Amino acid sequence: MNELAPSILSADFGDLRGQVLATREGGASYMHIDVMDGHFVPEISFGEPIIRSVRQMTDQVVDVHLMVTNPGDHFEACVKAGADSITFHYEAVEGGAGAYGGPRDPGKACALSEELIDRLHALGCKAGISVKPRTPLEEIYPLLDKLEMVLIMSVEPGFGGQKYMPESTERIRALRAEAQKRNPALRIQVDGGVKTDNAAMILEAGADLIVAGSAVFGDDAEGRTRAFMDILRA
Ligand code: DX5
Ligand code: ZN
C-alpha cells in the first residue's frame, strides 16, 4: 500500500503536536524526521528530543532519516527515543565517498553498511539506506535483500523546499526492477520536491512511500495530506 511520510522539517514547531495530528487525521501513517548534523549536510536540524516528543504524540510510524556522519553512533539513542525505522546514508559510510571525501570503495562501504543494517535489526528497528542523487545506485544492489527500505533522494539532502530532480524518476524505476529480483517487499521511499502534481508519476515509477515537507505543512496540513492520500489511494 502506498503511504505518505510528512517531513516535520517544514512544520511549525510552535504547534508541532497540532501539525503532526493534522497529518494523522488526514491519513498519513508515517512521520518523517530529518536529523541533520551540520557536517554530513550544512545545516543542523534536531535530534532525539524531537523523536521522543513525536513518539509521544502519535501512533504513526516514526521514520528517522539520519543525515549525519557516523550514523551508527546514534542508532541506540534514536531507537530508545522511539524510532521504528532508521535510514542512514550510504555516503556517510567509509568507502561510500561522501562527507569523508575519501576514495570510493563500494566493497568496503557495502560491508560496513551490512554491519549497520544488522545492528538496526538487533535493536528491533527497520533498516533503510539512502542514496544522494549522484551516487551510483548499483553500488547498493548487494544490500537490497537485507533492507526494509531504500530512500532515493530526489534533491541534494540538507534543505526542504527544493525542486524535484527529474532524473530521479529513472532511478526509481531501475531500483524497483532490481528489487523485483532481489527483494520484492522492499519499500522505495522518495524524498525531496514531492508535490501533488508529481506524486502520481513517482508512484508509477515504483515508489510506495512518499516524503513531503513543504507541500504538506503550513496552513491546512490536514487538507494537504488528504490531497496526497487521494493520489496515493487512487
Ligand atoms: C531534505 C530532507 C527532506 C525535506 C523534504 O534533505 O531529507 O525530508 O524535508 O522537503 P520538501 O518536501 O519540502 O522537498
Ligand atoms: Zn528526509
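**Close-ups of a zinc site and a helix**

**View 1. Four residues reach for a zinc ion.** In this predicted model, the zinc ion (ligand 2) has His32 (NE2), Asp34 (OD), His65 (ND1) and Asp191 (OD) as its protein donors, sitting 2.0 to 2.3 Å away from it. Count the donor atoms and you get six, with angles of 70 to 169° among them, and the site is octahedral. Along the chain, the donors of this zinc ion are spaced as H-x1-D-x30-H-x125-D.

**View 2. Asp34 and His65 join distant stretches of chain.** Asp34 belongs to strand β2 and His65 to strand β3 (residues 61-67), so look for them in distant parts of the chain, 31 residues apart. Are these two buried or exposed? Both Asp34 and His65 turn out to be buried.

**View 3. Helix α1 has a buried face.** Take a look at helix α1 (residues 16-26): Leu16, Gln19, Val20, Ala22, Thr23 and Gly26 are its buried residues. Why do they line one face of the helix? Looking down the axis of α1, you'd find them within an arc of 155°, so one face is where they end up. Their packing partners are β1 (3-6), β2 (30-36), α2 (48-57) and α7 (221-232). Just after α1 comes Gly27, with a positive phi near 115°.

**View 4. Helix α1 packs against helix α7.** The axes of α1 and α7 are 8 Å apart, and the two helices pack at an angle of about 35°. Their crossing is right-handed. On the α1 side, you can spot Gln19, Ala22, Thr23, Glu25 and Gly26. They meet Ala221, Glu222, Thr225, Arg226 and Met229 of α7.

Key. Residues are numbered from 1 along each chain as its sequence is written. Chains are lettered from A and ligands numbered from 1 in the order in which they are written. This is a predicted model: local features need pLDDT of at least 70, side-chain atom pairs count only at pLDDT 80 or more; totals for chains, interfaces and linings use all residues. Side-chain values use heavy atoms; hydrogens and water are left out. Buried means under 20% relative accessible area, exposed over 50%, partly exposed in between (1.4 Å probe, protein chains only). Helices (H or I, at least four residues) and strands (E, at least two) are DSSP runs, numbered from the N terminus. The arc is that of the directions from the helix axis to the C-beta atoms. Contact means heavy atoms within 4.5 Å. Donors are N, O and S atoms within 2.8 Å of the metal (3.2 Å for Na, K and Ca); water is not among the atoms, so sites may look incomplete. Four donors count as tetrahedral if all angles lie between 85 and 135 degrees; four count as square planar and six as octahedral if opposite donors are over 155 degrees apart and all others between 65 and 115; anything else is irregular. Axes are lines fitted to C-alpha atoms, for helices over the stretch in contact, and angles run from 0 to 180 degrees between N-to-C directions. A crossing is left-handed if the near helix is turned anticlockwise from the far one by less than a right angle, and right-handed if clockwise.
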